[in-house]
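Trainee: I would like to understand how the descriptive words used for a structure are reached, so could we go through some of them and set each against its definition?

Mentor: Gladly; let us look at the structure and take the terms in turn.

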Amino acid sequence: MGRNPNTGTPLVEMRDISIAFGGIKAVNHVSVDLYAGEVVGLLGHNGAGKSTLIKCLSGAYQKDAGQIFINGQEVEINNPRDARKYNIETIYQTLALADNLDAASNLFLGREIVGPGGFVDDTAMEAETRKIMARLNPNFRKFNVPVSALSGGQRQSVAIARAVYFNAKILIMDEPTAALGPHETQMVAELIQELKSQGLGIFLIEHDIHAVMDLCDRAVVMKNGEKVGTVNVNEVTDEDILGMIILGKRPPQAY
Amino acid sequence: MAQQTTNLDPQAGALTRFLRATEIDTRLLGMVAALLLIWVGFHLYGVILNGKGAFLTPRNLWNITVQTASVGIMACGMTLVIITRNIDLSVGSLLGFSAMMMGMFQVEWYPQLVGLGHWSIVVLTILLGLAVGTAVGAFHGWLVAYRGIPAFIVTLGGLLVWRGAAFLLARGRTISPVDSNFALLGGGPYGSVGAFWSWVIGLAGCAAVLWLIWAGRRSRARHDFPQRPMWAEYFLAALGCGLCLGTTLLVNSYPWPKGIVDQYAQRHGITVPEEGLFISHGFALPVLILLVVAIVMTIIMNRTRFGRYVYAIGGNPDAALLAGINVKWMIVKIFALMGFLTGLSAVVASARLNSATNALGTLDELYVIAAAVIGGTSLAGGVGTIYGAVLGALVMQSLQSGMVLIGFDAAIQNIVVGAVLVLAVYVDTLYRKRVK
């Protein structure tokens, strides 16, 4: 029998979360937790409820029932601003970039650097953007064009930079490598390892079973809005996880 | 500290290098070119067919600036509305309603309390007009954002409702004349600032241009960003100052008509010499109002969070929401701002007409939308500039004035304006495709 290898107070605990859309229970009494310095994979078919569950944490949706605890304190997250207040940053599958704005404006969207007189300081924001991009994607040069002119990988690095720049403690990544080539996927994988070693807790929504086996410490599998189970990735085979996703079959190692 | 200059590709053509170094927006250049083409075209038409061009004269250009003011002020607000993927069809009717409220207030209601010609009439009248516009705009925005009714429908309803309300206020009567101080805001000889103050304004404009260029260099230097080459800075400074002083010279070379001069001289005990007195109009008040609106709105759009969020909402409303922007409240504020500017436009329009009529502002919504769209605002959202909208309004007014000057009748004017609108958007679409 498997059990949670972590002890102490979890960084995030989502307890008994439910949310319904017009009578359809998208998430039905699901509990998950996340500890500092670990990557928890969220798996399941399209429509399994994993994105919906995580949007309750990022503030995009409001849960109907259940509780959310950050470092053991119960919190209310009603909108994305609340989530940011608790250092929860999200990289959405759609990237959530305003295509008509440049990288710096997107990175600081909603949190602009404001100079004297309340005017946004574009040069300061561009300078900060150059600094963080030098770390994340040294080849990035297109600072003064709308992000619609960027490649998929460049857009992704803008979205990641936005999440990383503001000292996230809890990072939510919704299929971060879905639109990327092999080289860029590798870069994201390395970044995840680096952030993990810095003590961030990461929720990773992912379809690619191999990426989950490589990157995650634990995996939570959902099906039809309910949790099938949680496994420690090093105790199971990818066959076991596939069985959970497709058939909803709990292996003995699940808890 | 070593100073980098903007990376210039020596292979590129001279024009490309020039545009890159000066960072002049090519679309702005295209619009200015179109405007000059219209101006020169109408002038030459007059020269060739009548032996005398009437378009490129101080008098005509001065009149065009005054006639542009009302639509131009509203086009600044419409740009924001369209950038955020909405539309406001009610501005013409709201202008009429607001003007009628102001007309009734300053002619029939308030003078009964304080007497005609009281100093407070003009102040309270303007405040009332602005308040009416802002309140109605905010109401429209609330219906759109918080009640989920499409802006097209809300403002289409508004178009009918406010025109009807304007009629009911005075049962269709024309309210005239308005308060004499109020009428100054419409322009005319007395509603202009004269030669001296026009030079002050022109020189202040020059100073602002130089300061902007200097502040830009300083800010880039502080972060070690590449600078424009010095010759490009000098060119921009010369262009900006030339534009400011040239416009001042233009408005100052349009004198008061003889009758007004005589009247003025008589009242002030001045003897008019044999050859006549040359008293300059200078900038008209409505033009100055438009300039202030355009400058303030440009600052709002480029340098404040509010402006940044307007663009973000237009580019991707979902992303704006996820970034923590209160999108609904922003929509209310944008419509309220549109209403405020409509109220201001109503001040200018009714002052210029020296009356409030039930038809004031009819079809203005279409001219305002056309001005914004000709100015490069995309109906798909996310794209648009204030200077574009003002230039668009100037293009529309130039076309109309030009056609009046060469004697086209109203039917042909409508056909031309409509065709130009479609053509302008087509050219813009082609341009965008090429840039991509």
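Trainee: How do you know how H6(B) runs relative to H15(B), and what values describe their packing?

Mentor: In this predicted model, helix H6 of chain B, residues 120-145, packs against helix H15 of chain B, residues 327-353, at an angle of about 150°, and their axes are 6 Å apart. An angle over 145 degrees counts as roughly antiparallel, and therefore H6(B) is called roughly antiparallel to H15(B). The crossing in which H6(B) passes H15(B) is right-handed, and the residues of this contact comprise 18 nonpolar, 9 polar and 1 charged.

Trainee: What makes H4(B) either oblique or roughly antiparallel to H15(B)?

Mentor: Here helix H4 of chain B, residues 91-109, packs with H15(B) at an angle of about 60°, with the axes 8 Å apart. The band for roughly parallel ends under 35 degrees and the band for roughly perpendicular begins at 65, so an angle of about 60° makes H4(B) oblique to H15(B). The crossing of H4(B) past H15(B) is right-handed. On the side of H4(B), the residues making the contact include Val91(B), Leu94(B) and Leu95(B), and on the side of H15(B) they include Met338(B), Gly339(B) and Thr342(B). By class, this contact has 9 nonpolar, 7 polar and no charged residues.

Trainee: Which residues of H6(B) and H7(B) meet, and what is the geometry of that pair?

Mentor: H6(B) and helix H7 of chain B, residues 151-170, pack at an angle of about 145°, with their axes 9 Å apart, and their crossing is right-handed. From H6(B), Val136(B), His140(B), Leu143(B) and Val144(B) meet Ala151(B), Val154(B), Thr155(B), Gly158(B) and Trp162(B) of H7(B). These contact residues divide into 6 nonpolar, 3 polar and no charged.

Trainee: Why is Ala166(B) classed as it is, buried or exposed?

Mentor: Ala166(B) lies in helix H7 of chain B, and 27 C-beta neighbours are found inside 10 Å of this residue. The cut-off for a buried residue is 20 or more, so Ala166(B), with its 27 neighbours, counts as buried. If we leave aside neighbours within four places in sequence, Ala166(B) is in contact with Gly96(B), Phe97(B), Met100(B) and Asn358(B).

Trainee: What is unusual about the backbone of Leu95(A) and of Asn354(B), and how exposed is each?

Mentor: In general, most residues other than glycine have a negative phi. Leu95(A), however, has a phi near 75°, and Asn354(B) has a phi near 60°, both of them positive values in a residue other than glycine. Leu95(A) is found in the loop between strand E6 and helix H3 of chain A, whereas Asn354(B) lies in the loop between H15 and helix H16 of chain B. With 21 other C-beta atoms within 10 Å, Leu95(A) reaches the cut-off of 20 and is therefore buried. Asn354(B) has 15 such neighbours, which falls between the limit of 12 or fewer for exposed and that of 20 or more for buried, so Asn354(B) counts as partly exposed.

Trainee: How do you know whether the peptide bond from Ser176(B) to Pro177(B) is cis or trans?

Mentor: Its omega is near -10°, and the bond is cis, although most peptide bonds in general are trans. Pro177(B) has its place in the loop between H7 and helix H8 of chain B.

Trainee: What makes up the contact between the two domains of chain B?

Mentor: Chain B is divided into domain 1, covering 25-192 and 284-435, and domain 2, covering 194-283. Between these domains, 9 residues of domain 1 are in contact with 10 residues of domain 2. On the domain 1 side, helices H3 and H12 of chain B each supply at least two residues, and H3(B) gives the largest share, with 4 residues. That side has 7 nonpolar, 1 polar and 1 charged residues.

Trainee: How many residues of each chain are in contact, and which helix of chain A gives the most?

Mentor: 21 residues of chain A are in contact with 22 residues of chain B, and H2(A) gives the most to the chain A side, with 3 residues. That side of chain A has 11 nonpolar, 6 polar and 4 charged residues.

Note on methods:
Residues are numbered from 1 along each chain as its sequence is written. Chains are lettered from A and ligands numbered from 1 in the order in which they are written. This is a predicted model: local features need pLDDT of at least 70, side-chain atom pairs count only at pLDDT 80 or more; totals for chains, interfaces and linings use all residues. Axes are lines fitted to C-alpha atoms, for helices over the stretch in contact, and angles run from 0 to 180 degrees between N-to-C directions. Angles under 35 degrees count as roughly parallel, over 145 as roughly antiparallel, 65 to 115 as roughly perpendicular and the rest as oblique. A crossing is left-handed if the near helix is turned anticlockwise from the far one by less than a right angle, and right-handed if clockwise. Ala, Val, Leu, Ile, Met, Phe, Trp, Tyr, Cys and Pro count as nonpolar, Asp, Glu, Lys and Arg as charged, and the others, Gly among them, as polar. Two residues are in contact if their C-beta atoms, placed from the backbone, lie within 7 Å. Domain bounds come from an automatic or database domain assignment.
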